[in-house]
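User: I would like a close look at one small part of this model, followed by an account of how its surroundings are put together. Please take the parts one after another and keep the account connected.

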Amino acid sequence: MSENKRPESLKRITTPELARAFIDEQIGELKARIGDKKVLLALSGGVDSSVVAALLIKAIGKNLVCVHVNHGLLRKGEPEQVIKVFRDELGATLVYVDAADRFLDKLAGVSDPETKRKIIGKEFIDVFAEEAKKLEGIEFLAQGTIYPDILESDGVKAHHNVGGLPAELNFELVEPVKFLYKDEVRVVGKELGLPDNMVYRQPFPGPGLGVRCVGAITRDRLEALREADAILREEFAVAGLEGKVWQYFTVIPDFKSTGIKDGKRTFEWPVILRAVNSVDATAATIEEIPYELLYKIRDRILSEVKGVNRVLYDISPKPVATIEYE
Ligand code: XMP
């Protein structure tokens, strides 16, 4: 498939100057191809879809319609940041869909990991397709496909949420970064003026916190997980580790243990801390978090997060463990 082979003329984008040249060329091509027609994009807030959005906003402005689906499994502050950056600062046409209840209702009582993933994936496509049908005159669908997606699969973001849309939507695909590697997408994103915490964001799975709220997801456990994750990320940022550690997050398993709070016995969840380094996620080593930082995170989680009485630190490499818990 020659149209899926990186052109030899495309130099590795390693500098702001090379990124600028790529951006200018893409804007020209996108304008010529799309004209005054409309393009739809599922904007997750991840680096790939964000860079595609920023490029298309420069090329076609309001004719790009971004749809941000909040499936209720996003991290604390994520939907707010997407709205702030794209709607408020870049002036994008952004449809924000708060579908949290819908997803969590479908997931209630489901504990099998692959069934959870399937429900999240299917529901995402349904919500997105429903929004697409409400919009008039859309002819193109933009996607943040990058070169490794093409090399590893059949050219779509196979393990991401947008696996495939119903055929009746029948859009032509626009994939402006499909020949770029991740590091090049980041250089382009930086040059487009996207914030650092978006450009250098750690990988975040499509099913989001859903695979870290082990077993059947409940709203109270999910909320505790979201708060604990926010504390871990905040403290990593303060310690200067943001962007330096491949992935760091919290997990809440599906069991409780005893504890003691204000002289009374408790029966609450543990929070597991996970921080790993990797090159391509096929293998990972653990980040050696200094004890001082571990204690700070522990103290904050134990005092600020409701329903938690224990903090554990996972020291398992991949293999034998995987990075995620499900
Ligand atoms: P594991 O847990 O298999 O994860 O060591 C390897 C990498 O893949 C990410 N991951 C996912 N990404 N949808 C995604 O988009 C998923 O269902 C999914 N599961 C795992 C994980 O965060 C890690 O970077």
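Which residues does Gly 91 touch, not counting residues up to four places away in sequence?

Analyst: This is a predicted model, and within it Gly 91 touches Lys 62 and Phe 86 once residues up to four places away in sequence are set aside. Gly 91 belongs to the loop that runs between α3 (78-89) and β3 (93-98), and just after α3 it takes a positive phi of about 70 degrees. With a relative accessibility of 28%, Gly 91 counts as partly exposed, because the range for that class begins at 20% and buried residues lie under it. A second glycine can be placed in relation to this one: Gly 61 is 30 residues from Gly 91 in sequence, while 8.1 Å separate the two in space, C-alpha to C-alpha.

The helix that precedes this loop supplies one of the two contacts, since Phe 86, which Gly 91 touches, is among the buried residues of α3 together with Glu 78, Pro 79, Val 82, Ile 83 and Val 85. These buried residues pack against α2 (47-60), β2 (64-70), β3 and α8 (196-199); β3 is thus both a packing partner of α3 and the strand at the other end of the loop that holds Gly 91. In length, α3 has 12 residues and reaches 15 Å from its first C-alpha to its last, close to the 16 Å expected at 1.5 Å a residue.

To set this part in the whole chain, one can turn to the domains, which are assigned as domain 1 (16-199) and domain 2 (212-313). Their centres, taken over C-alpha atoms, are separated by 29 Å, and the contact between them involves 14 residues of domain 1 and 13 residues of domain 2. About 1,100 Å² is buried between the two, with carbon and sulfur atoms giving 52% of that area. On the side of domain 1, Arg 75, Lys 76 and Lys 116 lose the most area to domain 2, and together they make up 44% of what that side buries. Charged pairs also take part, the count between domain 1 and domain 2 being three salt bridges. A salt bridge also joins the side chains of Arg 219 and Asp 101, at 2.7 Å from N to O.

Taking a nitrogen-to-oxygen limit of 4 Å, the count of salt bridges comes to 32, and several of them can be followed through individual helices. In one of these, the side chains of Lys 122 and Asp 126 meet at 2.6 Å, N to O; the two residues are four apart in helix α5 (residues 113-134), which means that about one helical turn separates them. Lys 122 counts as exposed at 53% relative accessibility, whereas Asp 126, at 26%, counts as partly exposed.

Helix α9 (219-238) offers a comparable pair, in which Arg 233 and Asp 229 both lie in that helix, four residues and about one turn apart, with their closest N and O atoms 2.9 Å apart in a salt bridge. Here Arg 233 is partly exposed, at 21% relative accessibility, while Asp 229 is buried, at 1%. In a further group, salt bridges that share partners join Glu 234, Glu 235, Lys 296, Arg 300 and Glu 304 into one network. Arg 221 forms a salt bridge with Asp 254, the closest N and O atoms being 3.7 Å apart. Asp 254 is in the loop between β6 (247-251) and β7 (257-261) and Arg 221 is in helix α9, so this pair ties together parts 33 residues apart in sequence. Arg 221 itself is buried, its relative accessible area being 1%.

Arg 300, a member of the network, leads on to α10, where it is one of the buried residues along with Leu 293, Leu 294, Ile 297 and Ile 301. These residues cover an arc of only 135 degrees around the axis, and therefore they are on the same side of α10. On the other side of that helix, Tyr 291, Glu 292 and Ser 303 are exposed. The buried residues of α10 are covered by elements that include α9, β8 (264-277) and β10 (308-313). As for its length, α10 (residues 291-304) has 14 residues and reaches 20 Å from first to last C-alpha, close to the 20 Å expected at 1.5 Å a residue.

Terms used
Residues numbered from 1 in each chain as written. Predicted model: local features only at pLDDT ≥ 70, side-chain atom pairs only at ≥ 80, totals over all residues. Heavy atoms only, no water. Expected span 1.5 Å × (residues − 1). Buried < 20%, exposed > 50% of the residue type's maximum accessible area, 1.4 Å probe, protein only. Arc of directions from axis to C-beta. Contact = heavy atoms within 4.5 Å. Domains from an automatic or database assignment. Buried area = accessible area lost by both parts, 1.4 Å probe.
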